[in-house]
Amino acid sequence: MFGGVGGGSGVVCGAVSAAWGGHGGGELAVWKAGGAFVPLDPEYPADRLSFMVADSGARVVVSAGEGLAGVAVGDARVVLLDQEQIDSSDALLDVRLSADQLAYVIYTSGSTGRPKGVAVAHGGVANLAAAMRPVLGVGVGVSVLQFASFSFDAAVLDVAATLSGGGTLAIASADERTEPSALADMIESTGVTTASVVPSLLSVLDPATVSGVRNWVLGAELLTGELASRWAPQAQVWNTYGPTEATVMATAGPVDATTRPTGEPPPIGRPLGNVRTYVLDGFLHPVPVGATGELYVAGPGVARGYVGRPELTAERFVACPFAEGGGGERMYRTGDLARWTTDGRLSFVGRADEQVKVRGFRVEPGEVEAVLAGHPGVRQAAVVVREDRPGDKRLVGYVVPEAEAGAEAGDLEIQSVQEHLAQALPDYMRPASVVVLETLPLTVNGKVDRSALPAPDFAARVMGREPRTDVERVLCVLFAEVLGLERVGVEDGFFELGGDSISSMQLASRARRAGLVVTPRQVFEEKTPEGIAAVVRRTDEARTAVDIGVGDVPWTPVMRASGERAARPGFAQWVVLAVPGGLGADILAAGLSAVLDTHDMLRARTVPGEARFTVGERGSVDAASLVSRVDAVRAGAETVRELTERAAGDAAGRLDPVSGAMVRAVWVDTGPERVGQLVFVAHHLVVDGVSWRVLVPDLRVACEAAAEGRVPELDPVGASFRRWAELLAAEAVTEKRVAELDGWLHLLGEAGTRAQLARRELDSCVDTVGTLRRHTWTVPPEQTETLLNRTPTAFHCGVDDILLAALAGAVAHWRPEAAAGLLVDVEGHGREPLGGHDVDLSRTVGWFAATHPVRLDTSGIDLVEARAGGPAAGALLKSVKEQLRALPGGDGLGYELLRHLNPRTAPVLRTRPAPDIGFNYMGRFASDVRASSADGAWQVRGETAIGGSSDPDTPLRHLVDAGAMVQDAPGGGRPELTLTLSRPAHLVTDDEAAELGRTWLELLGGLAAHTDAPASGGHTPSDFPLLDLAQDEVDEFEGTPGPTAGPEPS
């Protein structure tokens, strides 16, 4: 056929995919005549197709219908198959092909702003077919899924390997490529047993619906351990790798059926037959096993080069120094980073340049940037790929408008920019969102700081109207889940909010689980929840999951403040529990498994280099692998204590946030006749003090159920930590929070105005966790009872107010120059209500802690009288209470939101002074008297309720960290209030720390004594929020005598 329209040996044919229905026959026709083909996708913009025809030198262009509408073909002959009578024959042609003769040209994204054509020879195709037939399992009568689009070089693999092996191609239609259920039906009806697809397709398919496929060959995208673990048990899964320049694939390897969901991505295998791969350093020297280097490919699959681009060809196709005989062989420099494993397989590490893959297609951000910058209203442009959730890569464009008189950033019409992109780029290269900025952020070297580009605010595009029907309500929830938004209105467009073809498939899949039948095509056509609700069909099983805690979870402010060091293994908390003798590792594993399945963040994994977690599904963490036993059957009490302490430290060091080992449980087995010890360790990124109040009772309930042969059933969790983190991110950019900025700036003061409490500032290289010295004091029991009960009642305040007032007075006595304006970082539990959001965090486990600065002025207080229990003690407490109540925004949450989650306000706050003093009241740890036993099983043991550890090289944030904790005694004894001061050994001496601690203790004693004095206590102005009162007016109303309670809050 090709010969009948002017084709022949060496002739390049542009082929519009619609011309030959199933394009495999078209490829074979061109090859049979000795020609080469250039696939032309009719979905591409006409200008791009015109460039590809001209650049490739196509002399014949075959199409049908309107496939060439608007495409300039120059001197090429146009053949419309639906209008011309073409001679065709099955006769063999007298055509001889050489291995280096051109087979096809595939165009990929180019960094210069125009696509580049990769010229691939017949020798590479022949080697690919021979090497991949065994991987695909192709043979006579085998049905192979043809899924890849015509413009994707993976289609060459399907055609060449399948047809040359006598197999049958089952070609997916356009609808089947976008509709998972339709594709599954087609696979079943055609008897497909092997398929080569991208991993993102498997993420939206249900393994049960395609059980007949025995061989899945995956490539073009990263295959995660989680996805591999879902599919490898039921079929043979292959992970492959290969750039277009190496003829589709260069390596392949089977995926282990025992791959764990929290494990590393599976290796990309070993080189195909006749292919050689090298992992080299910058001097083209091989790197050792396990070391990272750039991946090079040599062998018959290496392409001829880039059409008409000799400079770029010379840059990427370089002489191979390892060629036998040293004669002229080239290797392709992939730009990918990899490393060899000890068993001779390759692991993919990442890119060495800016090239990325989106939905399996290579994209050079530079090409998209060039098109964006070509818009007449755009002065500067930048493009990045964001992966805000695992596997969900999206292109995001950033533009700075042309500066015109009176014009503002918001004046640029985004719709016109999107239309401009659609005219020049195929769908997969168009940004999901275009963000308008006044300026692009720059590094100190004047380059665009891509890490500082803000995330697109899809939430700002959400309209207001609420759903009216149950179906609309379900769809709004599903839209928000798939797109990672807090809420979606019924008139909001899926694609306008950042959706794409893959996420539309995910939406369809989730809708089906919720009892609604929705197709991706319906999502594309109807776009909004309102529109889709009008066309959906219901299924029999309706189930809606409104708050799903799995998936991508952004870091909260407290985590961002701690930086990347927070993700290291040793940053941990633990509790030591007394447990029944002979507990058993199997019982403990069963109980821990129930706890892991209940509390999402315990299944989290950190993502190296990124401020986010990935939380796996229930059952994705093997609890048994996290349980260990220490033999202490014959050990004495002191030895048991030492073994327990050592076990806590060892377990903390063996945590691995990257792999998902966020918890460990160590059973110190003292035998069946004695109470044992259990060390329950968790990485601090996923727990805090409040979390342990949930985890310890849950573990007890679960273990007791398992010991009795029952299935553990724990109380449900309210809001997920994921939802809370997303709410914080949305809250940080609200107008209400941004309005707090001036208040926080006033509170912190200008740089250089803070009183210096030590001879020098903290040095991050010298003053580290490893230099910390801790001092502890215990408040007398009778004073503790007063401070915990009568003082809060008398002064209408919290225990934290009491502790902080005494601490502020102690620092003022220790360093009088700081009395007029002491900056203190106050850490709270962070579970504060957010206005307008009804979230129940009472059983939610995670690191919620929130810190905010306060400025405390105690200069008007007689501290000697306060220590003695006189009226000045009450004045001190009232003054500090009022200053704490005068925070911007009222709740203190706004500071960290603006400091760490708002890119506009963060740089301003970063320049202000940081407090020298940190304060944290961890609250009260009650004794669990439920079902109490004489041996005290399941009670917290140890010197402190919660132990902890940190990386010794972590820089200290404060000159002094003050902490307090209340722990109830087992059996109803008196509670114990413990004070702790931590300080760097090089800056605060033992004597200075002892003086500060004693004064804190004495001021608390003074407050306790004053509480029991006549006429003590009373209200403060903040107790009457609807009235504008001063403290002296409140005292007058109450008839409370006493000195001035210090300055009024400004």
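Three helices each supply at least two residues to the lining of the largest cavity: α16 (557–562), α20 (721–731) and α27 (893–901). Among these, α27 gives the largest share, with 3 residues. Keep in mind as you look around that this is a predicted model.

So what does this cavity look like up close? About 80 Å³ of space lies inside. Its lining is made up of 13 residues, and those closest to the centre are P557, L728, F848, A850 and L893. Sort the lining by type and you get 10 nonpolar residues, 2 polar ones and 1 charged one. How do we find hollows like this in the first place? Rolling a probe the size of a water molecule over the atoms shows where empty space is left. In the whole structure, 5 cavities reach 30 Å³ or more.

Now zoom out a little and ask which domains the largest cavity lies between. Domain 5 (551–724) and domain 6 (765–831 + 850–927 + 957–1023) both give residues to the lining, so the cavity sits between these two.

Next, find W777, which is part of strand β34 (residues 772–778). Is this tryptophan buried or exposed? Its relative accessible area is 14%, and because buried means under 20%, W777 counts as buried. Who keeps it company? Setting aside neighbours within four places in sequence, W777 is in contact with L977, T978, L979, L981, A993, A994, G997, R998 and L1001. There is another tryptophan to look for here: W1000 is 223 residues away from W777 in sequence, yet the C-alpha atoms of the two are 9.6 Å apart in space.

On to the cysteines. A disulfide is a covalent bond between the sulfur atoms of two cysteines. How many disulfides turn up in a search of the whole structure? The search finds 0. Two cysteines are still worth a look: C13 is buried, at 0% relative accessibility, and C797 counts as buried too, at 14%.

Right beside C797 in the numbering comes H796, which belongs to the loop between α23 (781–795) and α24 (799–814). Its phi is near 55°, a positive value in a residue other than glycine. With 33% relative accessibility, H796 counts as partly exposed.

L284 makes a nice companion to finish on. Its phi is near 60°, again positive in a residue other than glycine. You'll find L284 in the loop between β14 (276–280) and β15 (293–298), and at 29% relative accessibility it counts as partly exposed.

Notes:
Residues are numbered from 1 along each chain as its sequence is written. This is a predicted model: local features need pLDDT of at least 70, side-chain atom pairs count only at pLDDT 80 or more; totals for chains, interfaces and linings use all residues. Side-chain values use heavy atoms; hydrogens and water are left out. A disulfide is a pair of cysteine sulfur atoms within 2.5 Å. Buried means under 20% relative accessible area, exposed over 50%, partly exposed in between (1.4 Å probe, protein chains only). On a 1 Å grid over the protein atoms alone, a cavity is a set of points where a 1.4 Å probe fits but cannot get out, and a pocket is an open set with protein on both sides within 12 Å along at least five of seven lines; lining residues have an atom within 4 Å of a point. Grid points are joined across faces, edges and corners, and a volume is the space filled by probe spheres set on the points. Helices (H or I, at least four residues) and strands (E, at least two) are DSSP runs, numbered from the N terminus. Ala, Val, Leu, Ile, Met, Phe, Trp, Tyr, Cys and Pro count as nonpolar, Asp, Glu, Lys and Arg as charged, and the others, Gly among them, as polar. Domain bounds come from an automatic or database domain assignment. Contact means heavy atoms within 4.5 Å.
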